[in-house]
Amino acid sequence: MNQYISLRVSKRVPGQYHLVLHDQPFYKGLPVLNCEHGLVVQYLDCLHQAIHSALQNSSRIFAVRVDLRFPDSSFPAGYEVLSNWYFQAFIKAFKRRLKKQSDEKRRLQQRVHKMVFEYVWARECGRESGKPHYHLLLLLNGHSFNKLGSFSDSYENLYNRIRESWAEALGRGVCKERAGVFFPDNGQYMLEPNEPDALAKLFCRASYLAKVNTKDFRGGYHVFGSSR
């Protein structure tokens with residue numbers, strides 16, 4: 001007797017057949033956004049791993065969505081833009097500021113919590129301008145950070161540490177690059193044990209980074225990555 005087995009064929013990103021498309025409303029039990037042209041399975045998995053890795057290192061995780069853009073006056077060209085050099089410089093500058101904060105607390109004999117820093121990033125291109133920009137999710141120890149702080153130049157807070165790090169990466173003054181750092185509305189989340197709703201809301205919001213649309217897969221550079 002003939003037996004017929006029905007196999008579901010995975011959909012692939014056009015021209016990127018190593019990448020699998022996801023077009024369902026949930027991924028590993030967590031909700032995702034319904035984005036045009038779908039999401040990338042490998043990117044969703046990377047996001048899932050980064051969040052859970054952070055949660056393994058601290059009982060509280062503070063998550064922040066931020067966008068990094070190049071100012072019109074200093075748009076990069078050549079090898080630097082192809083290698084994501086400016087983004088890597090931003091990560092190094094931000095890590096250095098986190099360490100400086102911990103060192104200062106130790107000097108003052110204040111309590112220093114374990115440093116947790118995971119991140120997920122996506123590089124996309126504007127539909128009209130064609131210029132690259134970065135969408136980023138930062139995951140930090142929630143015992144050390146619980147808010148961005150006042151959006152003012154006069155405070156040493158998380159908001160300014162992020163802004164200063166991008167300005168340093170671009171090699172420009174902080175005040176000139178205010179427009180280069182954008183914090184989306186309602187983009188701050190605190191993850192704590194036994195609060196699945198917060199995790200679900202964060203994962204759904206951050207799944208935006210895994211969308212296929214507006215990513216230039218043929219540009220010769222990485223368009224998605226994480227700290228792990």
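**Reasoning from rings, sulfurs and strands**

Colleague: What makes R123 count as lying over the face of Y221?

Modeller: In this predicted model, R123 lies over the face of Y221 at 3.7 Å from the ring centre. The limit is 6 Å, together with an angle of within 35 degrees of the ring normal. The contact therefore counts as a charge over a ring.

Colleague: How many aromatic pairs does a search of the whole structure find?

Modeller: The search finds 16 aromatic pairs. One of them joins Y27 and F203.

Colleague: Why is the pair of Y27 and F203 called stacked?

Modeller: The ring centres of Y27 and F203 are 6.4 Å apart, and the planes meet at 5 degrees. A pair needs centres within 6.5 Å, and planes under 30 degrees apart count as stacked. Both conditions are met, and the pair is therefore stacked.

Colleague: What does the pair of Y27 and F203 tie together?

Modeller: Y27 lies in strand 3 (residues 26-27) and F203 in helix 5 (residues 196-206), so the pair ties together parts that are 176 residues apart in sequence.

Colleague: Are Y27 and F203 buried or exposed?

Modeller: Buried means under 20% relative accessible area. Y27 has 9% and counts as buried; F203 has 1% and counts as buried.

Colleague: What makes the pair of Y159 and F183 tilted?

Modeller: The ring centres of Y159 and F183 are 5.6 Å apart, and their planes stand at 50 degrees. Stacked needs under 30 degrees and edge-to-face needs over 60, so this pair is tilted. Y159 lies in helix 4 (residues 158-170), and F183 lies in the loop between strand 9 (181-182) and strand 10 (188-191), so the pair ties together parts that are 24 residues apart in sequence. Both Y159 and F183 are buried.

Colleague: Which residues do ring pairs link into a cluster?

Modeller: The cluster consists of F70, W85, Y86, F87, F90, F94, F117, Y119, W121, Y134 and W166.

Colleague: Why does C35 form no bond with C204?

Modeller: A disulfide is a covalent bond between the sulfur atoms of two cysteines. The cut-off for the sulfur atoms is 2.5 Å. The closest cysteine sulfur to that of C35 is in C204, 8.8 Å away, which is too far for a bond. A search of the whole structure finds zero disulfides. C35 is buried, at a relative accessible area of 14%, and C125 likewise counts as buried at 16%.

Colleague: How do you know that strand 1 and strand 2 pair?

Modeller: Pairing requires at least two bridges. Two bridges join strand 1 (residues 12-13) to strand 2 (residues 16-22), and the strands run antiparallel, so the requirement is met. R12 has V20 in strand 2 as its bridge partner. The two strands form a hairpin with two residues between them, and G15 in the turn has a positive phi of about 80 degrees.

Colleague: Which strand stands across from strand 2 at L21?

Modeller: L21 stands opposite V40 in strand 5. Strand 5 (residues 39-40) runs antiparallel to strand 2 and is joined to strand 2 by two bridges.

Colleague: How do you know that the length of helix 4 agrees with its expected span?

Modeller: At 1.5 Å a residue, its 13 residues should span 18 Å; the end C-alpha atoms are 19 Å apart, which agrees. Helix 3, with 23 residues, reaches 33 Å from its first C-alpha to its last, close to the 33 Å expected.

Colleague: Why is helix 4 called mostly covered?

Modeller: In helix 4, 11 of the 13 residues are buried, among them I162, W166 and L170. The cover includes strand 6 (61-69), helix 3 (85-107), strand 8 (132-141) and strand 9. G171 follows helix 4 and has a positive phi, near 75 degrees.

Colleague: What makes S207 buried?

Modeller: S207 has a relative accessible area of 0%, against a limit of under 20%, and is therefore buried. S207 is in the loop between helix 5 and strand 11 (224-226). Leaving aside its neighbours within four places in sequence, S207 is in contact with V32, L33, L39, L44 and L47.

Colleague: Why is H52 called partly exposed?

Modeller: The relative accessibility of H52 is 30%. Buried is under 20% and exposed is over 50%, so H52 counts as partly exposed. H52 lies in helix 1 (residues 41-57).

Conventions: Residues are numbered from 1 along each chain as its sequence is written. This is a predicted model: local features need pLDDT of at least 70, side-chain atom pairs count only at pLDDT 80 or more; totals for chains, interfaces and linings use all residues. Side-chain values use heavy atoms; hydrogens and water are left out. Rings of Phe, Tyr and Trp (its six-membered ring) pair if their centres lie within 6.5 Å; planes under 30 degrees apart count as stacked, over 60 as edge-to-face and the rest as tilted. Helices (H or I, at least four residues) and strands (E, at least two) are DSSP runs, numbered from the N terminus. Buried means under 20% relative accessible area, exposed over 50%, partly exposed in between (1.4 Å probe, protein chains only). The expected span of a helix is 1.5 Å times one less than its number of residues. Contact means heavy atoms within 4.5 Å.
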